[in-house]
Amino acid sequence: MSTEATELAREQERLDATYAAFDAAVRALQSRRAAGVDGFAEEALDAMRAERIRIYTEASGPLYFGRIDETGGRALYVGRHAVSSPDNELLSINWRAPAAEPFYTASPLDPHGLVWRRRFDIEDRRVLGFVDERLAAGELDHLTDAIVEDITRQRVGEMRQIVATITPDQYELIAERSDGALVVQGGPGTGKTAVGLHRAAWLLYADPDLAREGVLVIGPNETFIRYIAQVLPALGEQSVEQRAIGSLISEAHRETTESADLATLKGSAVMAEVLSRLLWERIRLPEEDTLVAVGRSSFPVAAAEVRELVLDARERARSYESGRERFRAALVNRLASRALERMGRASMVSQEEVMRAVRSAKDYQRLATRTWPRETPAGLFARLFRNPRHLREVAGDLLSADEVKRLVSVRAPEKRR
């Protein structure tokens, strides 16, 4: 066996070990139950667990794409997640971690303590090849083959990630620590948008509070938003809102005045209870069994089974949205387990891949959405003004006939276009 083939086999063995540890971590998260000191702590722990599962299972691409060898002999693998072995050996580090910075910034002129940099070509958990770059002083400073290939690749369809081939200049912008606005300028095709999106991902990693405060990506039109839509989710960042600028501008502005009685009613604690009832009655428990197709297989889902998952989620959740996420995750886990049982232990398909297939299955999406639909504050509030009979059925013990009449006589807030 040649030296290159031996090294390729060694790297494949390392990749297999990393995926084994990663799969084990995902299984442990999915089977673990939160044990907080009270209901609120338990929900917070469950939310953290669900977020970690989402990050692990929804990011796309190989676990890692590069390796850096330090002068002291340590080798670090750079990728989308930090993965540790059962013995707590660090198998890969997140590309946004400080330790990964030399992968992007090192050069023969300034090696940042590195001897080698290796870029992998990995597809479907197989190491197809790699490109090495020697970083010892005196070597030529050049772009590696991997970077050149990525830069010259034809741009079609959805926007690609550049996380594996970020250049030093791009990384400097992505990781720039700025208290104010950062303006990225350049000609067409120079990577401005890609840098901006990867900077958003980097900031969310460096400052977790941003995810709670909210990050908004604004594009010039819907076509542009569709083009960039999958970059951040592929990096594991689903909390970012991506909108075309037109959706943020209301085309109609009208001044309204309302009576003091109506304003008082809208702002009362009674109205909070009315809205709560309107929200939770959106859940529809199925009356019949459902057949869910995942790939070429179909799995029956009993109505009683769905009701059990819904009731468990409602009991354990403090909010409608957290309950909805808990229900959907439980349904995915149930279907994925059923699919893996059917395929048997000899199957090479991972639980992560099966869960991704379940989430994309139309039957699953239809069942989950019909049972526990998504609701927005604006949409819920608009329901107050739609149907007086429905409002009386939901809140007749809280609102008088006159109050119901006053509410439905008001024009519902206009949706933003």
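Buried here means under 20% relative accessible area, so start by selecting Arg 324, which at 5% falls on the buried side of that cut-off. Keep in mind as you click around that this is a predicted model.

**Stop 1: Arg 324 and its neighbour**

With Arg 324 still selected, add Glu 325. The two form a salt bridge, with the closest N and O atoms 3.2 Å apart. Glu 325 is partly exposed, at a relative accessible area of 38%.

Now show Glu 7, Arg 10, Glu 11, Arg 67, Asp 69, Arg 118 and Asp 132 as sticks: salt bridges with shared partners link them into one network. In total, the structure has 24 salt bridges.

**Stop 2: Glu 7 and Arg 67**

Zoom in on one pair from that network. The salt bridge between Glu 7 and Arg 67 has its closest N and O atoms 3.7 Å apart. Since Glu 7 belongs to helix H1 and Arg 67 to strand E1 (residues 64–70), the pair ties together parts 60 residues apart in sequence. Is Glu 7 buried or exposed? With 16% relative accessibility, Glu 7 counts as buried, and Arg 67, at 15%, counts as buried too.

**Stop 3: Arg 374 and Glu 321**

Next, select Arg 374 and Glu 321, a salt bridge whose closest N and O atoms are 3.6 Å apart. Arg 374 sits in the loop between helix H15 (362–371) and helix H16 (377–382), while Glu 321 is in helix H13 (residues 320–343), so this pair ties together parts 53 residues apart in sequence. Glu 321 counts as partly exposed, at 27% relative accessibility.

**Stop 4: the rings**

Time for aromatics: there are 12 aromatic pairs in the structure. Try Tyr 19 with Phe 22, whose ring centres are 6.5 Å apart and whose planes stand at 90°, so the pair is edge-to-face. The two residues are three apart in helix H1 (residues 3–31), which means about one helical turn separates them. Both Tyr 19 and Phe 22 are buried.

Then colour Phe 65, Trp 95, Phe 103, Tyr 104 and Tyr 171, which make up one aromatic cluster.

**Stop 5: a long-range contact**

Pick Ala 234 in helix H9 (residues 231–234). How far apart in space are Ala 234 and Ser 60? Their C-alpha atoms are 4.8 Å apart, although their positions lie 174 residues apart in sequence numbering. Ala 234 counts as buried, at 8% relative accessibility.

**Last stop: a charged patch**

Switch to a surface view and select Asp 121, Glu 123, Asp 124 and Glu 353, which form a negative surface patch. Glu 353 is in helix H14 (residues 351–360) and counts as partly exposed, with 35% relative accessibility.

Methods: Residues are numbered from 1 along each chain as its sequence is written. This is a predicted model: local features need pLDDT of at least 70, side-chain atom pairs count only at pLDDT 80 or more; totals for chains, interfaces and linings use all residues. Side-chain values use heavy atoms; hydrogens and water are left out. Patches are made of residues with over 30% relative accessible area and no salt bridge: like charges are joined within 9 Å, nonpolar side chains (Val, Leu, Ile, Met, Phe, Trp, Tyr) within 5 Å. Accessible areas come from the Shrake-Rupley method with a 1.4 Å probe; for residues, only the protein chains shown count as cover. A salt bridge is a side-chain nitrogen of Lys or Arg within 4 Å of a carboxyl oxygen of Asp or Glu. Lys and Arg count as positive and Asp and Glu as negative; His and the chain ends are not counted. The place of a charge is taken as NZ of Lys, CZ of Arg, CG of Asp or CD of Glu. Helices (H or I, at least four residues) and strands (E, at least two) are DSSP runs, numbered from the N terminus. Buried means under 20% relative accessible area, exposed over 50%, partly exposed in between (1.4 Å probe, protein chains only). Rings of Phe, Tyr and Trp (its six-membered ring) pair if their centres lie within 6.5 Å; planes under 30 degrees apart count as stacked, over 60 as edge-to-face and the rest as tilted.
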